[in-house]
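Let's take a guided walk through a protein, one part at a time. Keep the picture beside you and look for each part as it comes up.

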Amino acid sequence: MTHICFNVLNRQYQKYEKEYDEAALKVLHSGWYVLGKQVEAFESGFSDYVGTNYCVGLNSGLDALILAIRALDIGAGDEVIVPANTYIATVLGITENHAVPVFVEPDEYYNIDVNKIEEKITSRTKAILAVHLYGQACNMTAVMEIAKKYQLYVIEDCAQAHGATWNGKKVGSFGDVGCFSFFPTKNLGAFGDGGAITTNNAHIAETVQKLRNYGSAIKYHHEIEGVNSRLDEMQAALLAVKLRHLDELTAERVSIAMRYCNEIKNPLVKLPLCRESASHVFHLFVVRVRARERFRDYLKQRGIDTQIHYPIPPHKSKCYEQYAWSKVKLPLTEQASDEIVSLPLYNGMTDDEISYVIQAINEFE
Ligand SMILES: *Cc1c(COP(=O)(O)O)cnc(C)c1O
């Protein structure tokens with residue numbers, strides 16, 4: 001029986017196998033494995049790609065969020081405005097710094113509803129943390145205008161949106177700092193954990209450089225309380241290979257998404273909306289179905305795996321139940337979390353596999 005996995009990561013390895021193998025062997029033979037020439041080269045390539053002056057390689061996307069917020073000196077008593085429908089890591093970036101997340105409901109693109117930000121601003125608000133969820137850029141024109149009006153920092157969570165643009169400009173280059181994840185399933189995925197921040201601000205870049213390496217710029221001189229969040233040479237070298245091919249990998253994702261958008265014709269399945277000013281790099285293809293569990297079971301029987309991003313919104317997570325702010329009512333977010341479902345979409349997915357998914361969905365009643 002046909003089995004369509006949600007993701008098949010080795011297909012994109014196989015596509016550029018020779019280049020990855022060469023890059024990996026070069027690192028193995030080099031005798032230098034953490035923070036070195038490969039990391040510097042990747043950082044410079046990625047900042048060029050995003051369009052910022054600096055990039056600092058880190059251990060993960062979560063660390064990028066935590067250290068970006070720390071570098072902005074946001075901490076206890078401060079509030080950060082954040083979309084309610086996001087991955088828990090976005091919110092952990094705030095709560096790890098003892099700041100308070102203030103949730104905003106999504107718009108019809110599953111991104112922060114910019115018309116609902118201003119009502120949440122108080123004298124304690126320090127930043128807006130925008131998430132380019134599923135790979136589609138948020139309305140950054142509006143976010144930047146509000147931030148300017150109230151003198152707030154802007155942090156972008158770009159973990160799902162490498163290369164996505166708003167009015168032609170790449171995400172991660174709008175705000176004070178952009179946070180990226182290179183977890184293997186992400187659009188620019190490593191072969192292990194990795195992350196980075198991008199910024200035009202030299203002070204933020206230098207602070208995160210220190211924070212990632214025990215708070216020191218000079219070995220054994222610890223100026224600030226840091227952590228260990230270094231990117232290793234192997235991941236950097238492999239990421240540099242993938243970065244060279246990122247635009248074609250994105251184009252492949254978009255073409256799969258376009259087939260889904262054009263060929264899925266089932267009134268029970270609501271397709272994602274794209275807006276003109278934003279490009280969508282389709283980290284995830286998220287549809288909405290009222291009878292979601294029945295839909296997922298049906299697809300499972302047809303051999304098709306699906307996932308939910310995410311079944312429990314962060315404010316409803318058990319880890320936050322002791323906080324008063326977790327009791328907030330967010331009906332749109334909660335309803336979405338009951339109806340959304342992500343379809344298989346990955347680099348190397350074959351035309352036959354895509355057709356199989358489309359046909360099965362069109363036959364769902
Ligand atoms: C994956 C992800 C992160 C965290 O990245 P890790 O590298 O897994 O720590 C943060 N935010 C969003 C929106 C993500 O999808």
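A residue counts as buried when its relative accessible area is under 20%, and as exposed when that area is over 50%. Keep in mind that the model in front of you is predicted. Let's try the cut-off on a residue of helix H8, glutamine 235. Glutamine 235 has a relative accessible area of 8%, so it is buried. Which residues does glutamine 235 touch, not counting those up to four places away in sequence? They are Ala190, Phe191, Gly192 and Asp193.

Now look at the start of the chain, where methionine 1 sits in the segment before helix H1 (10-15). Is methionine 1 buried or exposed? Its relative accessible area is 80%, so methionine 1 is exposed. Methionine 1 still has contacts beyond the residues up to four places away in sequence: it touches Gln301, Arg302 and Gly303. For a sense of scale, find glutamate 223, which is 222 residues from methionine 1 along the chain; their C-alpha atoms are separated by 60 Å.

Next comes the sheet. It is open, has seven strands and mixed pairing, and its strands follow the order E1-E9-E8-E5-E4-E2-E3. Strand E1 (54-58) and strand E3 are the edge strands, each pairing on one side only. Direction ignored, neighbouring strands of this sheet are turned by 20° against each other on average.

Let's start at the E1 edge. E1 and E9 are antiparallel and share five bridges. In this pairing, leucine 58 has glycine 195 in E9 as its bridge partner. E9 also runs antiparallel to E8, to which four bridges join it. There, phenylalanine 180 stands opposite alanine 196 in E9.

How many of the five residues of E9 are buried? Five of the five are, so E9 is mostly covered. To see how they are arranged, it helps to know that side chains in a regular strand alternate between the two faces of the sheet. In E9, Gly195, Ile197 and Thr199 lie on one side, Ala196 and Thr198 on the other, and all are buried, leaving both faces covered.

Now move to the E3 edge. Strand E2 (residues 79-83) runs parallel to E3, and five bridges join the two. Glutamate 79 has valine 100 in E3 as its bridge partner, while proline 83 stands opposite valine 104 in E3. Helix H5 (residues 88-95) packs on the sheet here, touching E2, E3, E4 and E5, and its direction makes about 140° with that of E3. E3 is mostly covered too, with four of its five residues buried.

What fills the inside? The largest nonpolar core has 43 residues, and Phe42, Phe46, Ile117 and Phe182 touch the most other members. Helix H3 (37-50), strand E3 (100-104), strand E4 (125-131), helix H6 (140-150) and helix H8 (233-263) each supply at least two residues of this core. Try picking out phenylalanine 46: leaving aside neighbours within four places in sequence, its contacts are Cys55, His162, Phe180, Phe182, Leu188, Thr198 and Leu243. Apart from this core lies another, of 41 residues, among them Leu65, Ala68, Tyr110 and Val177.

Tyrosine 110 deserves a second look. It lies in the loop between E3 and E4. Its relative accessible area is 9%, so tyrosine 110 is buried. Its phi is near 65°, a positive value in a residue other than glycine. Leucine 35, in the loop between helix H2 (17-30) and H3, also has a positive phi, near 45°. For a cis peptide bond, go to the one from histidine 309 to tyrosine 310, with omega near 15°. Tyrosine 310 belongs to the loop between helix H9 (292-301) and helix H10 (331-339).

We finish back at H8, this time with a partner. H8 and helix H11 (residues 351-362) pack at an angle of about 30°, and their axes are 10 Å apart. Because of that angle, H8 is roughly parallel to H11. The crossing of the two helices is right-handed. To find where they meet, look for Ile256, Arg259, Tyr260 and Glu263 in H8, which meet Asp351, Ile354, Ser355, Val357, Ile358 and Asn362 in H11.

Terms used
Residues are numbered from 1 along each chain as its sequence is written. This is a predicted model: local features need pLDDT of at least 70, side-chain atom pairs count only at pLDDT 80 or more; totals for chains, interfaces and linings use all residues. Side-chain values use heavy atoms; hydrogens and water are left out. A nonpolar core is a set of buried Ala, Val, Leu, Ile, Met, Phe, Trp, Tyr and Cys residues joined through side-chain atoms within 4.5 Å. Buried means under 20% relative accessible area, exposed over 50%, partly exposed in between (1.4 Å probe, protein chains only). Contact means heavy atoms within 4.5 Å. Two strands pair if DSSP finds at least two bridges between them. Axes are lines fitted to C-alpha atoms, for helices over the stretch in contact, and angles run from 0 to 180 degrees between N-to-C directions. Angles under 35 degrees count as roughly parallel, over 145 as roughly antiparallel, 65 to 115 as roughly perpendicular and the rest as oblique. A crossing is left-handed if the near helix is turned anticlockwise from the far one by less than a right angle, and right-handed if clockwise.
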